Amino acid sequence: MERKYFWIINSIYIVLIPAWLVLKSASLGFDVGFSWEIQPDMLDKVSVELVVVNSIILLSSSAVLVVIGLNLVGKFLTNKKDAPLLLGTMNLVLGGGLAWDGIRKYTTFASDEFRNAGEAVIFVLLSWAIIMLLLFLQDIFTGSFKHENHQLSQIVFAVLNALAVFFLMGWPAFIPLDVSTITGYAFLIATIIPLSVWQLRATYALVKGTKDKRTRQGLSMIGYSAIFYLSVLATVAFKKLWFPLDLLLSLLLLGMSVTMYLGFIRPSRTAERAESP
């Protein structure tokens, strides 16, 4: 049942994102004014060299996350456990988001509405990754991500996340794009901050009750990786004031994923060594 829940969530995003972009483009008569060039408004804030460096960091971080994701999916195919599948999917989705952001630096659209949608794709993918993170943490900290065991938290989380995605998609006929975007960010923050607080508290409680040193270290790395995505929120907020902070976003997401991955495989490697003759 848990995996059915997993596939339903992923199927919704897989269908939703391209359908939304096609419908958005259709509403503009497919006249989005696309061209391969650095976004003009970006060059008003930073140099071409900084854009190049940023793209290299984004694409390199994306490659690392995809490798981590594929490695974890491989572990799932071997042991059929849910945790590596959930964490692997999170990394693949984040890797796709960073890759798109690296490419997006060299694309522009004459339509403000579609340019806003191009940027919003990254945050919609982030909302998808955050759902996978929630399920992964529930599986690690409670032993299962069954809906029956987490009804309230999963329903509240799903509603907040759905509202974040709805407003991030932009509906200029009803609400200005900047207001819609800020509202979407607010709902995304409303999902991330409580998740981070729970992650830190659950980590502290589990580490206190665990005697094995490597398991304690692994749990600590998983739990305290929450600091990275809290830092992402701060960076998103303040990069409007100083755009070069955009360079930190991919590095923070990379740091979160690598830390969580190492924390996850650390205890499992101990168990593998103990089982080997």
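**Figure 1. Helix α6 and its length in this predicted model.** Let us start with a simple check on a helix. How far should the 19 residues of α6 span? At 1.5 Å a residue, the answer should be 27 Å, and the end C-alpha atoms of α6 are 27 Å apart, which agrees. Several residues of this helix are covered by the rest of the protein: Gln154, Phe157, Asn161, Ala164, Val165, Phe167, Leu168 and Met169 are the buried residues of α6. As you read these numbers, you may like to recall that an α-helix has 3.6 residues a turn, so residues three or four places apart point the same way. Just after α6 comes Gly170, and the phi of Gly170 is positive, near 80 degrees.

**Figure 2. His150, in the loop that leads to α6.** This view shows the loop between α5 (112-142) and α6 (151-169), where you will find His150. Is His150 buried or exposed? With a relative accessible area of 12%, His150 is buried, because this value is under the 20% cut-off. The side chain of His150 reaches the backbone oxygen of Ser144 at a distance of 2.8 Å. Ser144 is also one of the residues that His150 touches when those up to four places away in sequence are not counted; the others are Gln138, Thr142 and Phe145.

**Figure 3. Thr191, a buried residue of helix α7.** Helix α7 covers residues 177-208, and Thr191 is one of them. The relative accessibility of Thr191 is 1%, so it counts as buried. Which backbone oxygen lies 2.6 Å from a polar atom of the Thr191 side chain? That oxygen belongs to Leu188. Leaving aside its neighbours within four places in sequence, Thr191 is in contact with Ile130, Phe157, Leu160 and Asn161. Two names here may be familiar from the first legend: Phe157 and Asn161 are among the buried residues of α6.

**Figure 4. A salt bridge between helices α1 and α5.** Lys24 and Glu113 form a salt bridge, and their closest N and O atoms are 3.3 Å apart. What does this pair tie together? Lys24 lies in helix α1 (residues 2-27) and Glu113 in helix α5, so the salt bridge links parts that are 89 residues apart in sequence. Both partners are charged residues that you might look for on the outside, yet here is what the numbers say. Lys24 is buried, with a relative accessible area of 7%, and Glu113 is buried too, at 18%. In total, the count for this model comes to 4 salt bridges.

**Figure 5. A small network around Asp101.** Asp101 forms a salt bridge with Arg104, with the closest N and O atoms 3.0 Å apart. These two residues are 3 places apart in helix α4 (residues 82-104), so about one helical turn separates them. The side chain of Asp101 also meets that of Lys105 in a salt bridge, at 3.7 Å from N to O. Are these residues buried or exposed? Asp101 and Lys105 are both buried, and Arg104 is buried as well, with a relative accessible area of 8%. Because salt bridges that share partners are joined, Asp101, Arg104 and Lys105 make one network.

**Figure 6. Two loop residues with a positive phi.** Most residues other than glycine have a negative phi, and most peptide bonds are trans. Phe30 is not a glycine, yet it has a positive phi of about 60 degrees. Phe30 lies in the loop between α1 and β1 (34-35), and at 58% relative accessibility it counts as exposed. Lys80 is also a residue other than glycine with a positive phi, near 60 degrees. You can find Lys80 in the loop between α3 and α4, where Lys80 is partly exposed, with a relative accessible area of 45%.

**Figure 7. A nonpolar patch on the surface.** Which residues form this patch? They are Phe34, Trp36, Leu59 and Ile103, and together they have about 430 Å² of accessible area. Leu59 sits in helix α3 (residues 48-79). With a relative accessible area of 40%, Leu59 is partly exposed.

Technical notes
Residues numbered from 1 in each chain as written. Predicted model: local features only at pLDDT ≥ 70, side-chain atom pairs only at ≥ 80, totals over all residues. Heavy atoms only, no water. Patch = residues over 30% accessible without salt bridge, like charges linked within 9 Å, V, L, I, M, F, W, Y side chains within 5 Å. Areas by Shrake-Rupley, 256 points an atom, 1.4 Å probe, with all protein chains shown as cover. Helix = DSSP H or I, 4+ residues; strand = E, 2+ residues; numbered from the N terminus. Buried < 20%, exposed > 50% of the residue type's maximum accessible area, 1.4 Å probe, protein only. Polar contact = N/O pair within 3.5 Å; in protein donor to acceptor, adjacent residues only side chain to side chain. Contact = heavy atoms within 4.5 Å. Expected span 1.5 Å × (residues − 1).
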